[in-house]
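The following exercises are to be worked with the sequence and the coordinates at hand. Each task is followed by a stepwise solution.

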Amino acid sequence: MLRASAKAVGQPVDAVDAVNGHDVEQAVPFGPLLVGFVDAVVGVDTRAAHQARTRLAEAATPAAVADAAAVVANFEMMTRVADSTGARLAADRLESTTSERERLGVDAFSSAR
Amino acid sequence: MAADQLYAASDYPVRADLAEAHDAWLDHVAGPGTWWTGEQRVAFVAALWAALDDPDPLPPWSPPSTEPGRLPDGWPLPPAAFDMAYRLARHAATTTESWYRGVLDGLDAAPEAYVELAALAATGLAVGTFGPALGLARPALRAAQPGDPSRQSPPVAPAELNWVPVAGEPDARPAVVQAFSAVPAEHAIQWRLAGAQYMTTAQMAELDWQRPDSPLHRRQMELVAARLSLHRECFY
């Protein structure tokens, strides 16, 4: 979806690079800060999380921090929707994501089914 | 507590629709569900949140209900529900179909009862992680409301795309969309949360979309979503 939405605004992005925090500033504004925010808030270092919030708020806006936290919360939910119910990708979706899954190493996850 | 007070202490302004969705979820949890009482539902979410805060996490193969002192006194559900809450909070990516079948045996309940708990876990992890991501404490769970579970479920059928049975035509929708359809009240609150935290199904059709009152464009939200999913090792 990231690849499609970035392309829709004329900023094609390598989704795998983006998720890994590489070279995404132009295609995804504040991309490295958003990646850093996610990395910090899923960890246990409260000081690092505070710093990540502060950096994102100063570079973007305080509201961006709240909305990024909402997306984190949503995908804490959606990952459990998938993993608690044994959700599988439909065949067409499996085929269209083969390259990204290989590059991200997703096929090696224990949740692959 | 009114919805506008839920995140009033935040240094980062929280949209009203988001606070209202979380407030509605807190009420929803405390009421009797379709298969479980309010007391059981609140206890399950409390166990889920305690698992998130466990300073000495157990490995996925170690059921916490068998560890001395972990199962709360007066736990009002089968011990398998306690283990389920812990596993989904701490090690969700390690679940397997045989694990699911084992939980079902332990609950000694209909698959729809499992679906209700799974939905409470998923939605509880949304509300339970949002405040801490902003540097806030979690909102307090509300007092359980009296009443019996309704036990009113739609007809369900096995699905190819999920372990759990689903309502409606199986596999006509993506797996995560049909996942909780066997328990409509849980399905509804989950998608209300999703609409406020992320975007609605209708908004997903617009690739160049941005919520009018949000500074984040869709592609920025999707980057956050993808990074979080990578951390959780979620294949889906």
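**Exercise 1: The interface**

Determine how many salt bridges the rule finds across the interface of chain B and chain A.

Solution. The model is a predicted one. Across the interface of chain B and chain A, 4 salt bridges are found by the rule. One pairs A:Asp39 with B:Arg227, whose closest N and O atoms lie 2.8 Å apart. Next, the residue pairs in polar contact between chain B and chain A, with both residues at pLDDT 80 or more, number 16. Two or more residues on the side of chain B that touches chain A come from each of α4, α6, α7 (175–178), α8 (184–197) and α10 (218–231) of chain B. With 14 residues, α10(B) gives the most to that side.

**Exercise 2: Extent of the contact**

State what area is buried between chain B and chain A, and which three residues of chain B supply more of its share than any other three.

Solution. Begin with the residue count: 66 residues of chain B contact 65 residues of chain A. The area buried between the two chains is about 6000 Å², and carbon and sulfur atoms give 69% of this area. Of the area that chain B buries against chain A, 15% is supplied by B:Arg219, B:Leu223 and B:Phe235, more than by any other three residues.

**Exercise 3: Helix α4 of chain B**

Test the length of helix α4 (residues 79–90) of chain B against 1.5 Å a residue, then establish what covers its buried residues.

Solution. The expected span is 1.5 Å times one less than the number of residues; for the 12 residues of α4(B) it is therefore 16 Å. The end C-alpha atoms are 17 Å apart, which agrees. As to burial, 10 of the 12 residues are buried, including B:Phe82, B:Met84 and B:Arg87. Their cover includes α5 (62–85) of chain A, and also α3 (38–52), α5 (97–107) and α6 (111–133) of chain B.

**Exercise 4: The nonpolar cores**

Identify the residues with the most contacts inside the largest nonpolar core, and list what B:Leu117 touches.

Solution. The largest nonpolar core has 100 residues. Those with the most contacts inside it are A:Phe37, B:Trp25, B:Phe44, B:Met84, B:Tyr114 and B:Leu117. Leaving aside residues up to four places away in sequence, B:Leu117 touches B:Trp36, B:Phe44, B:Leu77, B:Ala81, B:Met84 and B:Leu107. Apart from the largest core lies another, of 8 residues, among them A:Leu2, A:Ala18, A:Val28 and B:Leu223.

Notes. Residues are numbered from 1 along each chain as its sequence is written. Chains are lettered from A and ligands numbered from 1 in the order in which they are written. This is a predicted model: local features need pLDDT of at least 70, side-chain atom pairs count only at pLDDT 80 or more; totals for chains, interfaces and linings use all residues. Side-chain values use heavy atoms; hydrogens and water are left out. A nonpolar core is a set of buried Ala, Val, Leu, Ile, Met, Phe, Trp, Tyr and Cys residues joined through side-chain atoms within 4.5 Å. Buried means under 20% relative accessible area, exposed over 50%, partly exposed in between (1.4 Å probe, protein chains only). Contact means heavy atoms within 4.5 Å. Helices (H or I, at least four residues) and strands (E, at least two) are DSSP runs, numbered from the N terminus. Buried area is the accessible area (1.4 Å probe) that two parts lose on being put together, summed over both. A salt bridge is a side-chain nitrogen of Lys or Arg within 4 Å of a carboxyl oxygen of Asp or Glu. A polar contact is a pair of N or O atoms within 3.5 Å; within protein, one must be able to donate a hydrogen and the other to accept it, and residues adjacent in sequence count only if both atoms are side-chain atoms.
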